[in-house]
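Please look at the model below before reading on, and keep it in view while the paragraphs lead you from one part to the next.

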Amino acid sequence: MEIFLIKLLQFVLAISLLVLLHEGGHFFFSKLFGVRVEKFYLFFDPSIWKWKGSLFKYKPKNSDTTYGIGWLPLGGYCKISGMIDESFDVEQMKQPEQPWEFRTKPAWQRLLIMIGGVLVNFLLALFIYSMVLYTWGDEYIAVKDMTMGMKFNQEAKSHGFRDGDILIGTEKGDFKDFSADLFRDISEAHEVRIIRDGQAMTLNLPGDINLLSMLKSTPNFCRPFIPAEIDTVLADSPAAKAGIRKGDKILAINGVAVDSWNEFTEQTGRLADQMTAATTAADSLRLRTATVVFQHLTPITHHPSPITQHPTPNTPDTAIIVLTPELQLGVGMTSLLSYYEPTKVSYGFFESIPAGVKYGWNVLGGYVGDLKYLFSSDGAKSLGGFGAIGSLFPPVWDWHMFWLMTAFLSIILAFMNILPIPALDGGHVLFLLYEMITGRKPTEKFMIRAEYVGFGILILLMVVANLNDILRWLGYM
C-alpha cells in the first residue's frame, strides 16, 4: 500500500503541474490578446444533481475568471469566451459577438491561443531535462564497456547474433546505454558493429525488425549478461535455509543449466506460467519445490542446511528448495553495477541547455517513431491508461526520476494535444489553418459536431487504455 501511495502521489503531482502549466499557456495568450477567460480549472467539474462539481473555487474581485479545482481528475481546462470547446456552451455562441471573445479575434491570435498549451509543455520538458542534467549530470553504463557481452533470444540469433557479443553501434553511431534507444537503433539498422571473441566485426540486418516484438518477447531480443552470483541472502529465506550464501553462484535449476540471471529468471518465469494452471495446494507446492545446484566460491566453517551435503570450496552442491509463493529464492541478484563502473558526465549551467534540448528532442523523436506500432494488434494491447502511467514512477520518492518522468509526460502531453483530432488543441489548429488558407471559417454547427466526434474518440481511447490496465492486472494480457 505504501508503494502504491508513493507512486500515486508522484503521478498526481506531475499531472497536476503539467495540466496547470498547459492551461496556463492558453490563459497567457488569451489575456495577451484581450480575450476573456471565464474559468481556469484543475480537473473537470461536471455537475451532479444540484452540486456544481467544484471542490474549490475562487473569483477575485474585479476579475472575469473563476479559478477552481474540480472533482474529476482527468485533466483540466481553460474556458475561453466565444469558443466552442469541451464545455459545449452553445448558448453563448448564439449571443451577439463581443470584442473580448475568442471568435472576434484575428486568426493568427486565435492560433497562438490554441498552441499556447502545447508550446508551454514542450518548452517545459526541455527546461526540465536541462536542469536535470545541470543538477545530477548524466550517469550510465556504456554498452561498449559491458565486456561480458549480451544474451540474445532466438530471433536475435537468427539475425547472426551470438551470446557474449559486445554491442558497439550501428551506421547511426555508437550505442550509449542499455535502453529503448538501443533496441530502436537495432530495429532500424542495416549494419551493427560488434566485438566477438575479441575481434571487431559487422553484422548485416534488414533494417525493419519489429521493435514491439523485440521489447515484448520473452526473453527480450537482447539483455546484458549478468552472472548468476548471489549479492545478498535474506534471513530465513528459502536460500538461507538451504545454506546459500552471499558470493555463491547458481549453476542449475530443475535440471536446466544456467550461467546467468537471465536464464534463472526465464526458468522461474516458466514456473509462474505453470502456476496459473495449479488447482490445488499440492500442485502449487510441487511447482514451488525446485532442485537448485549452486557453488560456494569461498570456504565455509559450518553448513546450516540439513538437506544438503557439506561442500568444499568450488564443489557444486544440490539442494531441494521450496520457493516462496511468489517463486522467489530469497536472494539479491548482482546487477550491472556489480561488474561495471558507470560513466559520469557533468554539465555546467550553459552546457546543460543545449544538452537538455538534444535529449528532449531525441525523446520526442523516439516516441513519435514508435507510434506506428499503435495500429497493430500488439500495439493496441500495449496502450496504457492511468495505471500504466503511474507505474512508471519509482516505488520510493526520487526527485531525479520524478523530474525525468514529468518531462517525459510533458512531451507526450504536448504531442498528443497537437494531433489533428477535434476536441484537442490540434483539431482547433487544423480548422484555423484551413480558415487562414481559404479565408472561410468553418460553421459553428460543423465545429460543434466535430467537437462531439473528437470528444467521443478521446473517451473511446481512454476506455481502451484503462481497460488494458485492468486486463493486465487480472493477468489476461
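How many of the residues of strand β7 (residues 166-170) are buried? In this predicted model, strand β7 is mostly covered, and 5 of its 5 residues are buried. To be counted in this way, a residue must have a relative accessible area under 20%.

To see what surrounds this strand, it helps to follow its partners. Strands of a sheet pair through backbone hydrogen bonds, and this pairing can be either parallel or antiparallel. On one side, β7 pairs with strand β9 (residues 191-196) in the antiparallel sense, over 4 bridges. Two of the places where you can trace this pairing are L167, which stands opposite I194 in β9, and I166, whose bridge partner in β9 is I195. The other partner is strand β8 (residues 173-174), which runs antiparallel to β7 and is joined to it by 2 bridges. One of these can be found at T170, whose bridge partner in β8 is G173. The connection between β7 and β8 is a hairpin, in which 2 residues lead from one strand to the other.

These pairings belong to an open sheet of 4 strands, whose order is β8-β7-β9-β10 and whose pairing is antiparallel. Because β8 and β10 (199-204) stand at the edges and have a single partner strand each, one side of each of them is left without a neighbour in the sheet.

From the sheet we can turn to a helix. R184 has its place in helix α5 (residues 180-188), and with a relative accessible area of 14% this arginine is buried. What does its side chain meet there? The side chain of R184 makes a polar contact with the side chain of D181, at 2.6 Å. If we leave aside the neighbours within four places in sequence, R184 is also in contact with L211, G366 and D370, and it is worth finding each of these residues in the model.

The backbone deserves a look as well. Most residues other than glycine have a negative phi. Against this background, F43 can be picked out, since it has a positive phi of about 70° although it is not a glycine. F43 lies in strand β1 (residues 37-44), and at 15% relative accessibility it counts as buried. A second residue to find is N254, which is likewise not a glycine and has a positive phi, near 55°. N254 lies in the loop between β13 (249-253) and β14 (256-257), and because its relative accessible area is 38%, this residue is partly exposed.

With these details in mind, we can step back to the whole protein, which has 15 helices and 18 strands. Its C-alpha trace spans about 95 × 55 × 40 Å along the principal axes, and of its 477 residues, 43% count as buried. Among the contacts with a separation of 6 or more, 68% are made by residues 24 or more positions apart. The protein exposes about 25600 Å², of which carbon and sulfur atoms supply 63%. As for charge, the protein has 41 positive and 47 negative charges, and the mean positions of these two groups are 7 Å apart.

Notes. Residues numbered from 1 in each chain as written. Predicted model: local features only at pLDDT ≥ 70, side-chain atom pairs only at ≥ 80, totals over all residues. Heavy atoms only, no water. Buried < 20%, exposed > 50% of the residue type's maximum accessible area, 1.4 Å probe, protein only. Contact = heavy atoms within 4.5 Å. Areas by Shrake-Rupley, 256 points an atom, 1.4 Å probe, with all protein chains shown as cover. Lys, Arg positive; Asp, Glu negative; His and termini not counted. Charge placed at Lys NZ, Arg CZ, Asp CG, Glu CD. Polar contact = N/O pair within 3.5 Å; in protein donor to acceptor, adjacent residues only side chain to side chain. Pairing = 2+ DSSP bridges.
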